[in-house]
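Student: Could you take me through one helix in this model slowly, and then show me how the same way of looking works elsewhere? I would like to follow the reasoning step by step.

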Amino acid sequence: MPEAAWHGGRSTFGRRAKAGPAHPPPGRAVLGKTRPRAAALGELAQRTAALFGRVERPARYLDSEWGARRREDVSYRVCLVYPDTYELGMANQALAILYDLLNSIGGVAAERCFVPARDMAALLRAEGVPLATLESVTPLRECRMIGITLPYELTYTNVLETLDLAQVPLHSSEREEDDPLVLGGGPSAYNPEPLAPFLDAVLLGEGEEAAGEIVAAHRASLEAGEDRATLLRRLADVPGVYVPSLYEPDSAGRPRPLAGAPARVLKRVVTDLEAHRSPTCPVVPYMDVVHDRATVEVTRGCTRGCRFCQAGMVYRPVRERGADAVVRDALATLECTGYDEVSLTSLSTADHSQLEDVLRRLARRLEGTGISVSLPSLRVDAFSVDMARLVSAGRRSGLTFAPEAGTQRLRDVVNKNVTDDDLLGTVRRAFSSGWRRVKLYFMLGLPTETDDDIRGIGELVARVMADARAAVPPNERGAVRVGVSVSTFVPKAHTPFQWEPQLTLEEVRRRQAVLRETMPRKGVDLSWHDPEASFLEGVLARGDRRLAEAVEAAWRAGAVFDAWTEEFDLGRWLVAFESAGVDPGAIASGKREPGAPLPWEHLSSGVSTAYLRLERKRALAAEVTPDCSFGECTGCAVCEELGVDVVLGGERRGT
Amino acid sequence: MAPDEFRLRARYRKGGRLRFLSHLEVARALERAARRGGMPYAVTKGYTPRMKVAFGPALPVGTAGEREYLDLWLREYVPAPAALRRLAGATPEDLAPTEARYTRAAEPSLASALTIARYEAVVDGVVAEELEAALGELTASGELAVEHKGKTKVFDLARSLPEEVRVKADGGRSVVTLTTRMGPEGSLRPEVLLSAAFDVAGIRDAPVSVTRTDVLMEEEGGWARPL
């Protein structure tokens, strides 16, 4: 190779070279030895790696991503599991928070594991290779704790798949002293009964403080040489921890505490989000994952009070991170990860009192870098469009709004405080600002819904289409698209609608036909959420402990990745329900009076049942309830119960 | 290219477990490394500005690379040794950049200039002499028809294999070294050639581990490395 291959183009370098000291001709820079290689991985790592060439997307199973932490010489290893594939799990912010937090505790290593896709799972089983963590390739069964997020009901079979591949006994009652502690947490922890026999313990609520306390209790128990039963009793004393085996369901399916267990478990909550810094150096995946970008959680909790929304009830109260902290953490995360996008996440980002200030500051700091800022969800109002204009360099991606229902009456029932005029005004503003696509979310089967409400969706979409077309130049009208996504309403525990029946599958199909009658076709992309998957979700969301047998039977019949359309098979589940002797239709669509026994009565989000009942009554009378973060307390009781308060960075504005 | 941009060419590797990354994943990882390293990279004009960076010919999932290249355009001049240090310090070890130098603005793209690839393929459990004979028979036949996604592509082996394929025994393994010519008309992958050789010799498919050891430009009078 001739050294003279350097072609220092003068046109490139000349101008700048004059300004400063003359640069020496830039020679070849060669690094000597690279950093010493990490300690060689063991035999299991080699066996796992030998499978990489035989599976789809092996990047799912690689370790050594940027930011991954591998620690040797620790006495306590915890494996954090997201019960779906790598590309979905790596989008989970709770996992990133807990990973950061637990790895900062002396003597503790937190590692990750995701559910292997079917091809890899088959190979692991065929070769007898136990499921292991990514970082140190430690078998899950050799970790002290397996912490599993329960993001939604359709991942329940994946929990069993994970335990089985890990060669950990499925049932808590079968685990021995050397087996890991299996802990669940996350949104579905608010009714964990369908998974109760498989989980040793469940954390209710936020993990920032509780996760460390649980690990400390476990380590103290190990140090004291306690047996498993004593450990579980000790864990039941940690606030927010529910130990299902210490409760026995009564004839109505209500779990009753055995001696020593608390009668009611109250969720954990952090009083101040800023006391817990957003993880600024999260693991950066190689493969293209869902939400592949830096994130900063700007607000936790939302008190808009939509009556169908479980997140809006269980994550109360609202706590904002201040503008300075958001800007600082966003820039620090970008610097540490190298992402080209940062997302400001929350349940309703446009509600953040200092959002405009944050966006202007970030825009200034990121100018010329090609790095963009994104907002995950928008409110239906002009302010939100203005905020979207501040962040969106391109107008291609489209804006998403959720009117939820087609008529004002039904929107009042669900407390979605949005009018037709709000929506149409917002759409006109978006299209005249350059957008050519919007996506609208609606729900079918909300309580009190009539066929007129359903036709109202089609009529509203037609008006949106007409206003959108009128707002753009005539030659661009062909480009106007409105996406309409319709899901089936699933009543969830701990919401004012927790007593309401879900539509039967038959009725969903009839109402879908009604919707098609009035839905405009031209320029509209209509998509449905699979009603059969929603039905299963509804059964699991409000089922009691008897469902565990059905979950296990469905998994044994081959059910995994139920949230994936191509994998989901309701038939498999119906057989499983029958074999377990439960009637899924009665659970999902049966009528419950307020006051009827519920399988999650012993678990509390802090929102009082009296408040949920009152909200239900207001719903049926189509009365709305305002958002307490904009005005007065509405009496949900969270703040009194938990000793917390709404935390805002400034005064909130907007509607 | 804007007149005040600087074209930095870096050599990197793709090794260890990261051989299982796709080309897109490697490219994204290195772009992120450039941002983490605080490189003053240039961005494209337009609605969605992106980092100005270009890579050499793609490596498939599972194939390692010893001498891979990228061009990164910078807004500011950073002496090459400093640029290399910043880049390498922010890159996972198995993708580590090891050389960097500025190159002429007008030079053709790496993807089009690099047309020669050298490979080393390690084949487990196959007798070297048998494999050598099979490869000899195959190349003597002059052509190789390859099925890919329902289409048949015929490689002219004299053109696709500009150098003799060599086989060496190494314990129970055979080490095959070969050189291929890449181009818009198609690039012969070593696994494909070996698989055809297995067929000729009646050998069952054996595990093959492929490393691209070099990528070269064809110049008058010979081949040259781009750096």
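Tutor: Happy to! Let's begin at a glycine: G142(B) comes just after helix α4(B) and takes a positive phi of about 90°. Keep in mind throughout that this is a predicted model. The helix before that glycine is our main subject, so let's walk back into it.

Helix α4 of chain B covers residues 128–140, which makes 13 residues. At 1.5 Å a residue, α4(B) should span 18 Å, and its end C-alpha atoms are indeed 18 Å apart, so expectation and model agree.

Which residues of α4(B) are buried? They are A128(B), L131(B), A134(B), L135(B) and L138(B). These residues lie on the same side of α4(B), because they cover an arc of only 130° around the axis. A general point helps here: an α-helix has 3.6 residues a turn, so residues three or four places apart point the same way. The face turned away from the buried side of α4(B) carries the exposed residues E129(B), E137(B) and A140(B).

What do the buried residues of α4(B) pack against? Their partners in chain B include the strands β5 (114–124), β6 (143–148), β8 (166–170) and β9 (173–181). The helices α5 (157–160) and α6 (190–201) of chain B are also among them.

Let's look at that last partner in more detail. The axes of α4(B) and α6(B) come within 8 Å and cross at roughly 105°. That angle makes α4(B) roughly perpendicular to α6(B). On the α4(B) side, the contact is made by E130(B), L131(B), A134(B), L135(B), E137(B) and L138(B). From α6(B) come L193(B), L194(B), A196(B), A197(B), F198(B), V200(B) and A201(B).

Now step back to the chain that holds this helix. Chain B has 6 helices and 11 strands, and its C-alpha trace spans about 55 × 35 × 35 Å along the principal axes. Of its 227 residues, 56% count as buried. Among contacts in chain B with a separation of 6 or more, 74% join residues 24 or more positions apart.

Two residues of chain B show how distance along the chain and distance in space can be set side by side. R104(B) sits in the loop between β4 and α3 (110–113), and R104(B) is partly exposed, with a relative accessible area of 37%. Its C-alpha atom is 8.6 Å from that of F6(B), although R104(B) and F6(B) are 98 residues apart along the chain. T98(B), in contrast, belongs to strand β4 (residues 97–102) and is buried, at a relative accessible area of 15%. The C-alpha atoms of T98(B) and Y119(B) are separated by 20 Å, with their positions 21 residues apart along the chain.

Now let's try the same reading on chain A, with helix α11 (residues 355–366). Its 12 residues reach 16 Å from the first C-alpha to the last, close to the 16 Å expected at 1.5 Å a residue. The buried residues here are L355(A), V358(A), L359(A), L362(A) and L366(A). Their arc around the axis is only 95°, which puts them on the same side of α11(A). That buried set packs against α10 (323–337), β14 (341–345), β15 (372–374) and α12 (382–391) of chain A. After α11(A) comes G368(A), whose phi is positive, near 80°.

One of those partners, helix α10, contains T333(A). T333(A) is buried, with a relative accessible area of 1%. Leaving out residues up to four places away in sequence, T333(A) touches P279(A), T280(A), P282(A), A294(A), V296(A) and G338(A).

Finally, here are two more helix pairs to set beside the one in chain B. The axes of α5(A) (residues 118–127) and α6(A) (residues 156–165) come within 11 Å and cross at roughly 30°, so α5(A) and α6(A) are roughly parallel to each other. Their crossing is left-handed. A121(A), L124(A) and R125(A) of α5(A) meet E161(A), D164(A) and L165(A) of α6(A).

In the other pair, α18(A) (residues 547–556) and α19(A) (residues 570–580) pack at an angle of about 135°, with axes 8 Å apart. That makes α18(A) oblique to α19(A), and the crossing is right-handed. The residues in contact include A550(A), V551(A) and A554(A) of α18(A), together with W573(A), A576(A) and F577(A) of α19(A).

Methods
Residues numbered from 1 in each chain as written. Chains lettered and ligands numbered in written order. Predicted model: local features only at pLDDT ≥ 70, side-chain atom pairs only at ≥ 80, totals over all residues. Heavy atoms only, no water. Helix = DSSP H or I, 4+ residues; strand = E, 2+ residues; numbered from the N terminus. Expected span 1.5 Å × (residues − 1). Buried < 20%, exposed > 50% of the residue type's maximum accessible area, 1.4 Å probe, protein only. Arc of directions from axis to C-beta. Contact = heavy atoms within 4.5 Å. Axes fitted to C-alpha atoms, helices over the stretch in contact; angles between N-to-C directions. Parallel < 35°, antiparallel > 145°, perpendicular 65-115°, else oblique. Left-handed = near helix turned anticlockwise from the far one by under 90°.
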